Amino acid sequence: MNLIKNSPVDIAPDMLAQLMAAAERAADAAGEVTLRYFRADMQVENKAGEQAFDPVTQADREAELAIRQCLLSEFPDIGFHGEEHETVVGGSGLTWVVDPIDGTRAFMSGMPLWGTLIGLFNGRDAVLGVMDQPFMGERYLSVGGQSWLQSRGQRTALKTRQNVSLADATMYCTTPDMFDTPDSRAAFTRVKEAVRLSRYGGDCYAYALLAAGYVDVVLDCDLKPYDILALIPLIEAAGGVVSGWEGESAVDGGFVVAAGSAELHEQTLRLLQAI
């Protein structure tokens, strides 16, 4: 499901601050749920049926409800679009876009490379983003053109790594198995063969590492809005670029490329689009 587009809603700086505070409270509420289930016994269901494996856990569903209750109680006129429950259409032109656990496979296998994503969509752009990793005590935030990491009581500005060529780049993707058509596999392989180091896994955490300057390129496909929207402002405010593989807006997900600089993004797009 794509997001409902409209004329972008202007949000005053003081309101943005209030919205970010609410998003942080919602992340706290989600963390109370996810940490109760992480590395503990939990029910896992397969949403994809017999032909594939798309897991969902009790923690996913309960954490999304906790986020939803927190945000809608404070801002009932703002819509809500999450992975696990029905969409709420608000009257403000704004929409919260939420993935309670991005990286459910990592979560259910005890790997702490998952996160809670909370983004705000203004009808055209992602204007606020939170990626919370409560097990490691890391919270990546972006609003008002700034991105920072809040961890261990310290606030650190995020900055992507600049002046890196593809030949020197570190690239992540969730898994190469996602590129399951000849064209997408060929495009992925062209980029993989051009970079210095390629690694797999990480889900939303790889994008946060890109914003922090440790990763240079992230490639994914078949993303939904709740998989990427909160991460866009994190990366862009830190100096990076996020788009679809044709250079279009990434707010609806699909085939997504993120890079630490405009130059590296352009180099990667050229390889992805090569015939």
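Here are some numbered notes on how this predicted model is put together.

1. Let's start with the inside. In this predicted model, the largest nonpolar core has 36 residues, and Trp96, Ile118 and Leu128 are the ones with the most contacts inside it. Helices H1 (13-37) and H2 (58-74) each put in at least two residues, and so do strands S4 (95-102), S5 (115-121), S6 (126-133) and S7 (138-143). The top contributor is H1, which gives 10 residues. As background, nonpolar side chains in soluble globular proteins tend to be buried together.

2. Take a look at Leu128 if you want a feel for that core. Which residues does Leu128 contact once its neighbours within four places in sequence are left aside? The list is Leu16, Leu19, Met20, Ala23, Trp96, Ile118, Gly119, Leu120, Ser142, Val143, Ala230 and Pro233. Another core lies apart from the one above; it has 35 residues, including Phe121, Leu209, Leu229 and Val251.

3. Next, the helix pairs. To describe two packed helices, people give the angle between their axes and the distance between the axes. For H1 and H2, the angle is about 160 degrees and the axes are 8 Å apart. That makes H1 roughly antiparallel to H2, because angles over 145 degrees count that way. The crossing of H1 past H2 is right-handed.

4. Who meets whom between H1 and H2? On the H1 side you'll find Ala22, Ala23, Arg25, Ala26, Ala29, Ala30, Val33, Thr34, Arg36 and Tyr37. Their partners in H2 are Gln58, Ala59, Glu62, Ala63, Ala66, Ile67, Cys70, Leu71 and Glu74. Sorted by class, this contact has 13 nonpolar, two polar and four charged residues. Ala23 is worth finding on screen: it is part of this H1 contact, and it also touches Leu128.

5. Now compare that with H4 (residues 182-194) and H8 (residues 262-273). Their axes come within 7 Å and cross at roughly 135 degrees, which makes H4 oblique to H8. H4 passes H8 in a right-handed crossing. The residues doing the touching are Ala187, Arg190, Val191 and Ala194 from H4, with Thr268, Leu271 and Leu272 from H8. By class, that is five nonpolar, one polar and one charged.

6. Just past H4 comes Arg196, in the loop that leads to strand S11 (197-200). Is Arg196 buried or exposed? It is exposed, as its relative accessible area is 59%. Arg196 still has company: not counting residues up to four places away in sequence, it touches Leu166, Ala167, Asp168 and Ala169. For a sense of distance, its C-alpha atom is 24 Å from that of Ile232, which sits 36 residues away along the chain.

7. Ser198 belongs to S11 itself. Its C-alpha atom is separated by 5.8 Å from that of Thr170, although the two residues are 28 apart along the chain. Beyond its neighbours within four places in sequence, Ser198 contacts Met171 and Lys192.

8. Helix H5 (residues 204-211) is a good one to hunt for with the surface switched on. How many of its residues are buried? Eight of the eight are, so H5 is largely enclosed by the rest of the structure. They are Cys204, Tyr205, Ala206, Tyr207, Ala208, Leu209, Leu210 and Ala211. One of these, Leu209, is also among the residues of the 35-residue core.

9. A quick word on backbone angles. Most residues other than glycine have a negative phi. Asp203 goes against that, with a positive phi near 50 degrees. Asp203 lies in the loop between S11 and H5, and its relative accessibility of 21% makes it partly exposed. Following H5 there is Gly213, with a positive phi near 90 degrees.

10. Asn163 is another non-glycine residue with a positive phi, near 60 degrees. You'll find Asn163 in the loop between strands S9 (154-157) and S10 (170-173), and it is exposed, at 82% relative accessible area.

11. Don't assume that a loop residue has to be exposed. Ser261 sits in the loop between strand S14 (254-259) and H8, yet its relative accessibility is 2%, so it counts as buried. Setting aside neighbours within four places in sequence, Ser261 touches Gln162, Gly239, Gly240 and Val241.

Definitions and conventions:
Residues numbered from 1 in each chain as written. Predicted model: local features only at pLDDT ≥ 70, side-chain atom pairs only at ≥ 80, totals over all residues. Heavy atoms only, no water. Axes fitted to C-alpha atoms, helices over the stretch in contact; angles between N-to-C directions. Helix = DSSP H or I, 4+ residues; strand = E, 2+ residues; numbered from the N terminus. Parallel < 35°, antiparallel > 145°, perpendicular 65-115°, else oblique. Left-handed = near helix turned anticlockwise from the far one by under 90°. Contact = heavy atoms within 4.5 Å. Nonpolar A, V, L, I, M, F, W, Y, C, P; charged D, E, K, R; others polar. Core = buried A, V, L, I, M, F, W, Y, C linked by side-chain atoms within 4.5 Å. Buried < 20%, exposed > 50% of the residue type's maximum accessible area, 1.4 Å probe, protein only.
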